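Let's take a friendly walk through this structure, starting with one polar residue and moving on to the core and the aromatic rings.

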Amino acid sequence: MQEAIKDPGSTNLSDRHYETRMLLGVRIQKYKLDGVIKIFNPRGKLYPEELTDQEYELFDRGWRIGVYRRVIQGYEERLENIKNRIPQLLAQNKKIDKKRDQRENLMRKRREITNKLNQLL
């Protein structure tokens, strides 16, 4: 939590109940009442979803490195979904241009974050 607070790239989203920081959609939150710290997944959820135990291990080398590793993991999951979806679209004779564009965009973002991660390691 201290690394997230000191990180100039982390956005302060704190309120009277929580001390919260967010970087690239990954949110770390410390409950002021009991001091419990939780990290939540980025993107597309209707409600905050806490990281799994395996995902928490991504943060063993610090806040920013963990965020980068989790975001890269998320991009890889989304790329896999697109890869699995393309044959279905082809079978239905639908255009895959949109999926191809999504794939290229995700690959570019993954490459940018990977480069940033490599600079920290």
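## A buried serine

A residue counts as buried when its relative accessible area is under 20%. This is a predicted model, and in it Ser10 has a relative accessible area of 11%, so Ser10 is buried. You will find Ser10 in the loop between α1 (2-6) and β1 (11-12).

What does Ser10 touch, not counting residues up to four places away in sequence? The list is Ala4, Arg21, Met22, Leu23 and Trp63. With Trp63 there is also a polar contact of 2.9 Å between the two side chains.

## The nonpolar core

Trp63 appears again in the largest nonpolar core, which has 24 residues. Trp63 is among those with the most contacts inside this core, along with Val26, Phe59 and Val67. β3 (26-31), α3 (63-91) and α4 (97-120) each supply at least two of the core residues, and α3 gives the largest share, 11 residues. In soluble globular proteins, nonpolar side chains tend to be buried together.

Leaving aside neighbours within four places in sequence, Phe59 is in contact with Val26, Ile39, Leu51, Gly66, Val67 and Arg70.

## Aromatic rings

How many aromatic pairs does a search of the whole structure find? There are two. In one of them, the ring centres of Tyr18 and Tyr31 are 5.0 Å apart and the planes meet at 75°, so this pair is edge-to-face. The pair links distant parts of the chain, with Tyr18 in β2 (residues 18-23) and Tyr31 in β3, 13 residues apart. Tyr18 is partly exposed at 28% relative accessibility, and Tyr31 is partly exposed at 21%.

Phe40 has a charged partner: the charged end of Arg27 sits over the Phe40 ring, 4.6 Å from its centre.

Notes: Residues are numbered from 1 along each chain as its sequence is written. This is a predicted model: local features need pLDDT of at least 70, side-chain atom pairs count only at pLDDT 80 or more; totals for chains, interfaces and linings use all residues. Side-chain values use heavy atoms; hydrogens and water are left out. A nonpolar core is a set of buried Ala, Val, Leu, Ile, Met, Phe, Trp, Tyr and Cys residues joined through side-chain atoms within 4.5 Å. Buried means under 20% relative accessible area, exposed over 50%, partly exposed in between (1.4 Å probe, protein chains only). Helices (H or I, at least four residues) and strands (E, at least two) are DSSP runs, numbered from the N terminus. Contact means heavy atoms within 4.5 Å. A polar contact is a pair of N or O atoms within 3.5 Å; within protein, one must be able to donate a hydrogen and the other to accept it, and residues adjacent in sequence count only if both atoms are side-chain atoms. Rings of Phe, Tyr and Trp (its six-membered ring) pair if their centres lie within 6.5 Å; planes under 30 degrees apart count as stacked, over 60 as edge-to-face and the rest as tilted. A charge sits over a ring if NZ of Lys or CZ of Arg is within 6 Å of the ring centre and within 35 degrees of the ring normal.
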